[in-house]
Each structure stands twice: as structure tokens, then as C-alpha cells.
Amino acid sequence: MSDLTNLGVKAIRDGVAAGDFTAREVAEAFNANVAAAKDLNAFIVATPEKALEAADAIDAKRAKGEDLGTMGGVPIGMKDLFCTDGVQTTAASHILEGFVPQYESTVSANLWKAGAGMLGKLNMDQFAMGSSNETSYFGNVLSPWKKDGSNAALIPGGSSGGSSTAVAARLAPAATGTDTGGSIRQPAAVTGITGIKPTYGRCSRWGVVAFASSLDQAGPMARDVTDCAIMLEAMAGFDPKDSTSLDMPVPEWEKGLNADLTGKKVGIPREYRMEGTDQAILDSWERGKEWLRDAGAEIVDISLPHTKYALPAYYIIAPAEASSNLARYDGVRYGLRDLPEGAGLQDMYAATRAAGFGDEVKRRILIGTYVLSAGFYDAYYTQAQKIRTLVAQDFEKAWGECDLILAPTTPNAAFPLGGFDGDPLAMYLNDVFAVPASLAGLPAMSVPAMLNGDGLPLGLQIIGKAFDEQGVLNAGLAIEQRSGFDAKPERWW
Amino acid sequence: MSVTREEVAKIASLARIQMDDAALDSMVPELNNILNWVEQLGEVDTSAVEPMTAVIPQAMRLRDDVVDADPLTAGGRREDILANAPAAEHGFFGVPKVIE
């Protein structure tokens, strides 16, 4: 039998349904890859028994001729931001080490209902704060990719870095991610895989450890566009337990896939042509235009004038929301407690949070506390929320001239571990192309485009109108069919 | 605008994060770097702009006013809620003495 771990979501689901192989064979093959890839540190906890249990249930259903579900027999990786009943959930932090949820997040429950099984909980940047997966309490995740002729360890992107590495290295056919300011798209781009952040509100936030609630959105990461469509369909849906959940039917994205873009206009935002962007990134952008033109689309120049202000606005809004959300970690209800000898309640809070949060998390809590504090609120927070309105209005105006937007996902390829040590600000700039769509709540995806001169993958980003995931997926499919991207990292782990 | 060491200590205290001298010393320039960078937002004239409150316009929903409308978020789950508490005692969360 050929290696089952080279198969994606659709191929596994259809193969299990057709009886080409059993779900148990698939789960065993991926469990073996997970166990053999400890060097990549993609998983915080592996749950091979969960994967087998779900697979056996699918095989039993098939024997009885029952419906297997849209993800039937597909084992996946679950980002450690999703609460999973009875399985440790840490958000890659020390403060939640040992936390075992007594309930299941809506998104993960939806996936299990669709027939998927869990290979384990994926490492990530602590509380989803980071772009390189270097802020996890459980150690760095390594990218399976290496530069040609170099042995230096590269970052897998972040915050969904365990997810990107697991999918790129064939430890899982697909994984969940979450995207607050690029945390699905940036790691997907730098590891040569595909990932989509849907419209804000498509996937329930219930049971997802909160970072910045007005931005947080879950989405799938997989090896191609079709697999993303299948998995997003399984994840999405109205949830009354999330006050910002979209009360709309979930479209049949998989059935709706169509790479013919005749009549579509694709906008090229001139402000995304920034100084300091790699030439190879600009080349991939040019190729992307050609591919979309070839698929029937018309390419038009557009302007998103407030682009340069999106990232600084994000670094006020997201830390402000984080400082509020993370106030819940107090050493009383769950997680770590640090109680110095003779300490009172206030000292316990301060000691617990000092011991439990990593440096980047503390930095953002402090920024957030500052911009929300009396005397500074209007100058920082209110101004940032006004800029957010302007960024969203830029997109609204652009939709008068185009249906979709094509841009790079990142300004550079994967960088070496430690590449931005001591300069958090330079690291933030990695999300410069990803953040505007987050601030506007728009669906956006990254698809692999090509390898750069060093043999590292680069991604292209497609941004769509609110609720038009289908348009985004279709343009992604058009690129995928023309890019011929089939590179995969050579196994060294 | 930039923050002083004393201001960072005050923010840390508001955020209930204990910081020693070394931690404060390294945090001050990092925060100032970030604050100087976000300063550029002041260039934008926003006098006629409303701050965003909802990224996708939505009406707030009301649920039926019934007890335990959703079993997942309903009552009667004391054991589940206390299961992860660092110091649960007699069905309550335990905390150090708060009488001063």
C-alpha cells in the first residue's frame, strides 16, 4: 500500500468510504508519524488512542452501511487553544499547564461529529501571541523545511506553528488553526500549506481560549484548497453560546468549488508594495496575477490608503483585549497558583501571573493595561478603534471596484529561529499583510505559490468580501491548479 | 509619549504581575519602542470617524428566559467547575485569608 500519510482530507475520506483502506489503517499511519517526529516538537500532547477510537467508530459505521460524515475517518491535529474534554489544554502556557477541560469547544465538537478523530494537541505561540512559535512554554516548534545547503533551524510561523509543521511534515492531513492577526495565514505561507481564516463569526469562539475576542477566528490548515473547504464546512456554524456567532446557514463550500473566474475582478492594492519586501515575494505576486488572469479574472489596481496604520492599530486593540481576557488567570479557579509563604490574595495574583505568563504575554498585557488606563484611553484605544473603522472602510470602497484582493501573505520567507530575538517590534512586522483583513473581519486565505531561491515556500493571500469564503476558495483553487506547487520538505527528523 | 520605570511598575501592579528590578529594567525600553511606533496613529485625522464597535454588523440576540436553556452552560455542574481549581474545599474555591 502506498503511504497513507501522503493523502489529504478528501482522499482519506473518499478512500475510507470506498473501502480502499480502513480508518484504523489511516490513524495508525499518522500516529506512527507523530511518534517519530518528536524533534519537530509540533505536539504538546499526542492522543493516539483518541485517533484509533474515532477510526474504529468510523470503520464500525461503514460495516453497518451508515453515513460516515464529511470528515469520516480523517485524523486531525487540534491546536492547543481549543478546549478538549478530558485532554489537557494549555494555550502553550505554564499558567494553564495541567488544565483539563470538562467540556468540548464547539468547533472541535463539530469536527468529531463530522467523523474526524484527534491525533493530539498542537504546540503554538503562548496564548496565540507570536509569529514564530518561539513563545511556547513547551519549547519551540521547528519547521520541517530547511534552506538549500543549510542545516539551520527555521521557524514554522505562528501562532499556529504546531499546526503548520504537522501538516507540512505529514504528521496530520489537516489541523485546526486560529487567526487573530495572521496566525493561520502566515504559518501556512512559510510552510508551503493552505489555510483559510473565514469571516469573523463563522466559527464559534465557545471553548477557544480567548486572546482578542473581536479578532479571534478559527479556521482549517491543510495541504490544498479542497481540503480546507471540506474542513471549514465541518467547523463552521451558528452557535448560540457565542454572542458574535453568525446566525446564517453554512454554505456547501466543497460542492461550490469552481476555478473559473470569468467575470471576476481581482484588486491589487498598491499600498501592499512596501519597502523591504523580498524580491521573490514580489515575483510570486506577479505570477499570481498571471494565474488569475489565466483563470478568466480581470486584474485591477486598487488603493487601501490606511494600510500602513493597520498594524500599529492592531498592536493597541489586540493587547487591550488580551489584557482584559487574561485577567481571568488568577490562581483561583483553574491553572497555576503561586502562593508565597504568608502571602495575601493580591500577592498571590501577582506571583501567580508572574510565574505563569511568558515574556511576550506579559509585554502585551502591560501594553493593553496602559492603553486602557485613565488618561490614555482616548489617545490610544479610541484612536485605534477609529483607525479600524477607516481600514474597514478602505475595503468597503475597494469592493466597488473588485470582487477579491490578491496580495502576498508575508513580506519574507521563513526566518531562522532566534532571528528577531530582542526586537519584538521587527517580529510584529511579519504580519503586515495579514492584519488589515483581520481588523475588517474579512475571509482571507493563503495558498502556496512557489519556492524562493533558497528552496523555501512562499504564499499568496486572497482576501474576499464578508461571507464570500466561496469566492476566496475559488480563487485559491485557480492559483493552486496553475502554480503546480508540489514541493514538500525532505525528511530529516 | 514614553513611559518611565515608575509608570511601568504602576502598570504592572494594575495588571497584577509581579516584576523585579531586572524585569522592569528590560521592559521599559521594550514598551517605549512599541509605544513610539504606535504613535504614528496620531497623524490620521479621525475627528469625523466613529470608533468601531462591531466588525460584522449584528443585532444582539435574546434567548428565551428559561432556566438552564443550554445544558452546556447551565447550572448543576459544581464538580466540573471545581475540577481544575488549585485549592477547592467543601465545594468552594479556596483562597488565602483576605481579612486585613
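Chain B has an average pLDDT (the predictor's confidence in each residue, from 0 to 100) of 92, and 98% of its residues score at least 70. The complex as a whole was assigned an ipTM of 0.95 and a pTM of 0.97 by the predictor. The model is predicted, and accordingly local features need pLDDT of at least 70 and side-chain atom pairs count only at pLDDT 80 or more, while totals for chains, interfaces and linings use all residues. Residues are numbered from 1 along each chain as its sequence is written, with chains lettered from A and ligands numbered from 1 in the order in which they are written.

Chain A contains 16 helices and 11 strands (DSSP runs numbered from the N terminus, helices being H or I of at least four residues and strands E of at least two). Its radius of gyration, taken over C-alpha atoms, is 21 Å; the globule rule (2.2 Å times the number of residues to the power 0.38) gives 23 Å for 493 residues, so chain A is as compact as a globular protein of that length. The C-alpha atoms of chain A occupy a box of roughly 65 × 55 × 50 Å along the principal axes. Of its 493 residues, 62% are buried, where a residue is buried if 20 or more other C-beta atoms lie within 10 Å of its own, exposed if 12 or fewer, and partly exposed in between, with C-beta atoms placed from the backbone. Among contacts in chain A with a separation of 6 or more, 77% join residues 24 or more positions apart; two residues are in contact if their C-beta atoms, placed from the backbone, lie within 7 Å.

Strand β2 (residues 75-79) of chain A is largely enclosed by the rest of the structure, because five of its five residues are buried. On one side of β2(A) these are A:P75, A:G77 and A:K79, and on the other A:I76 and A:M78. Strand β3 (residues 117-122) of chain A pairs with β2(A) in the parallel sense over five bridges, pairing requiring at least two DSSP bridges between the strands. The bridge partner of A:K79 in β3(A) is A:L122.

The largest nonpolar core (a set of buried Ala, Val, Leu, Ile, Met, Phe, Trp, Tyr and Cys residues joined through C-beta atoms within 7 Å) comprises 172 residues, and A:I76 and A:I316 are among those with the most contacts inside it. Helix α10 (residues 307-325) of chain A makes the greatest contribution to this core, with 11 residues. Beyond its neighbours within four places in sequence, A:I316 contacts A:V371, A:Y380, A:Y381, A:A384 and B:V38.

Chain B comprises three helices and two strands, in the order α-α-α-β-β along the sequence. Its radius of gyration is 23 Å, whereas a compact globule of 100 residues would have one near 13 Å. Buried residues account for 12% of the 100 residues in chain B.

At the interface, 44 residues of chain B contact 57 residues of chain A. Helices α1 (5-14) and α2 (21-38) of chain B each supply at least two residues of the side that touches chain A, and the largest share, seven residues, comes from α2(B). That side of chain B divides into 30 nonpolar, seven polar and seven charged residues (Ala, Val, Leu, Ile, Met, Phe, Trp, Tyr, Cys and Pro count as nonpolar, Asp, Glu, Lys and Arg as charged, and the others, Gly among them, as polar). A:R363, in helix α12 (residues 359-371) of chain A, is in contact with A:P424 and B:E30, leaving aside its neighbours within four places in sequence. A:R363 is partly exposed, with 19 other C-beta atoms within 10 Å.
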